[in-house]
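Subject: Structure handover

Hi there,

Here is the structure I promised to pass on to you. Have a look at it first, and then read on for what turned up.

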Amino acid sequence: MIIRYERNGKVKHGWMVEEDHKVRVIEGDIYKIHTAKPIMTGLELPLDEVTLKAPSDPSKVVCIGLNYRDHAAEMGIDLPKEPLMFLKPSTTVIGPGESIVYPKLTQNLHYEGELAVVIKKEAKKIKASDADDYILGFTCSIDVTARDLQMSDGQWTRAKGFDTFCPLGPAIAAKLDYHNLRIVTRVNGEVRQDACTDQLIFSIPQLIEAVSAVMTLRPGDVILTGTPSGVGELVPGDEISVTIEGIGTLTTHVVAEE
């Protein structure tokens, strides 16, 4: 699995060798496969000598709302006839172990555990049948939401856009069969969401076609594919984790804004 890590002030990509608790260093840009192919070096580093970062540094995060039938039902909203898109700015992205900051502007902070798609190469007006060619891999994500602001504003930019509102990680799983992945969200160890991606209303290829018809996706951009039922409140001090089979577990904590 591909990770992004920091060591001695430098950020690089690497390949996680989980069984040995090591990182195999990758030299070069993993997205420039046609101009300067990245090199998998023989150098390995102990995992405890690096700091994991968000596995992608996207120019934008495209989110899909109401893409599980049970979540639409719990929100009391009719099923969408086409993918419901909104954006999170790149400044929302944090990596494993970094904290979600509970803003003073909200009194009702919610989690939404999701499968995230990482884009491999520039994608514009892509057909669903070709979508897999544009996928680098998949990672875990949390769409953090100020629910009271979402309801009061009528549009979702402020509610979804605070710094730290998009944890990603711990790694990018490439060549993953994404059609029936179990996704489990836990808060303080208690299961809050438990579903499979076969419950998606719009499939991942359909999402890539729909999004790329509107905006150009850049290498490293991320699409959050929607959350199942079981969304709920977070408070400072909470630990939240999202586990997706074939990827691993993303864990973070909630802290109050100072």
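Before we get to the hairpin, one definition: two strands count as paired if DSSP finds at least two bridges between them. Please also keep in mind that this is a predicted model.

**The β15–β16 hairpin**

With that cut-off in hand, take strands β15 (residues 182-187) and β16 (residues 190-196): they run antiparallel and are joined by 6 bridges. At the turn end, valine 187 has glutamate 190 of β16 opposite it. The hairpin has 2 residues between its strands, and asparagine 188 adopts a positive phi near 50 degrees there.

The side chains add a link of their own to this hairpin, since arginine 182 and aspartate 194 meet in a salt bridge, with 2.6 Å from N to O. Arginine 182 belongs to β15 and aspartate 194 to β16, so this salt bridge ties together parts that are 12 residues apart in sequence. Both ends have some solvent access: arginine 182 is partly exposed at 42% relative accessibility, and aspartate 194 is partly exposed at 43%.

**Other salt bridges**

How many salt bridges does a search of the whole structure find? The count is 14. As a reminder of the general idea, side chains of opposite charge can pair when their charged atoms come close.

Two of the pairs involve strand β3 (residues 22-27), as follows.

- Glutamate 27 forms a salt bridge with lysine 12, and their closest N and O atoms are 3.0 Å apart. This pair links distant parts of the chain, with glutamate 27 in β3 and lysine 12 in strand β2 (residues 10-17), 15 residues apart. Glutamate 27 is partly exposed at 35% relative accessibility, and lysine 12 is partly exposed with a relative accessible area of 28%.
- Arginine 24 and glutamate 44 meet through their side chains in a salt bridge of 2.7 Å, N to O. Here the link runs from arginine 24 in β3 to glutamate 44 in strand β4 (residues 39-46), 20 residues apart. Arginine 24 is partly exposed with a relative accessible area of 27%, and glutamate 44 is partly exposed with 29%.

There is also a network of salt bridges, which links Lys88, Glu112, Asp143, Arg147 and Lys160.

**Rings**

Turning to the aromatic side chains, the whole structure contains 3 aromatic pairs. In one of them, the ring centres of phenylalanine 86 and tryptophan 156 are 5.1 Å apart and the planes stand at 70 degrees, so the pair is edge-to-face. Phenylalanine 86 lies in strand β7 and tryptophan 156 in the loop between α2 (147-153) and α3 (157-160), so parts 70 residues apart in sequence are tied together. Which of these two rings belongs to a buried residue? Phenylalanine 86 is buried, because its relative accessible area is 10%, whereas tryptophan 156 is partly exposed with 22%.

Another aromatic pair is formed by phenylalanine 162 and phenylalanine 165, and this pair is tilted: 5.2 Å centre to centre, with 50 degrees between the planes. Phenylalanine 162 and phenylalanine 165 are both buried.

One ring has a charge for company: the charged end of lysine 121 sits over the ring of tyrosine 134, 4.8 Å from the ring centre.

**Aspartate 132 and helix α4**

The loop between β11 and β12 holds aspartate 132. This residue is partly exposed, with a relative accessible area of 44%. Its C-alpha atom is separated by 9.7 Å from that of lysine 120, which is 12 residues away along the chain. Leaving aside residues up to four places away in sequence, aspartate 132 touches Tyr178 and Pro205. With tyrosine 178 there is a polar contact between the two side chains, at 2.7 Å.

Pro205 brings us to helix α4 (residues 204-214), where Ile204, Pro205, Leu207, Ile208, Ala210, Val211 and Ser212 are buried. What covers these buried residues? The cover includes β6 (61-65), β7 (84-88), β11 (113-119), β12 (135-142) and β17 (222-224). You have already met β7 above, as the strand that holds phenylalanine 86.

Happy browsing, and best wishes!

Definitions and conventions. Residues numbered from 1 in each chain as written. Predicted model: local features only at pLDDT ≥ 70, side-chain atom pairs only at ≥ 80, totals over all residues. Heavy atoms only, no water. Buried < 20%, exposed > 50% of the residue type's maximum accessible area, 1.4 Å probe, protein only. Helix = DSSP H or I, 4+ residues; strand = E, 2+ residues; numbered from the N terminus. Contact = heavy atoms within 4.5 Å. Salt bridge = Lys/Arg side-chain N within 4 Å of Asp/Glu carboxyl O. Polar contact = N/O pair within 3.5 Å; in protein donor to acceptor, adjacent residues only side chain to side chain. Phe/Tyr/Trp six-rings, centres within 6.5 Å; stacked < 30°, edge-to-face > 60°. Lys NZ or Arg CZ within 6 Å of the ring centre and 35° of its normal.
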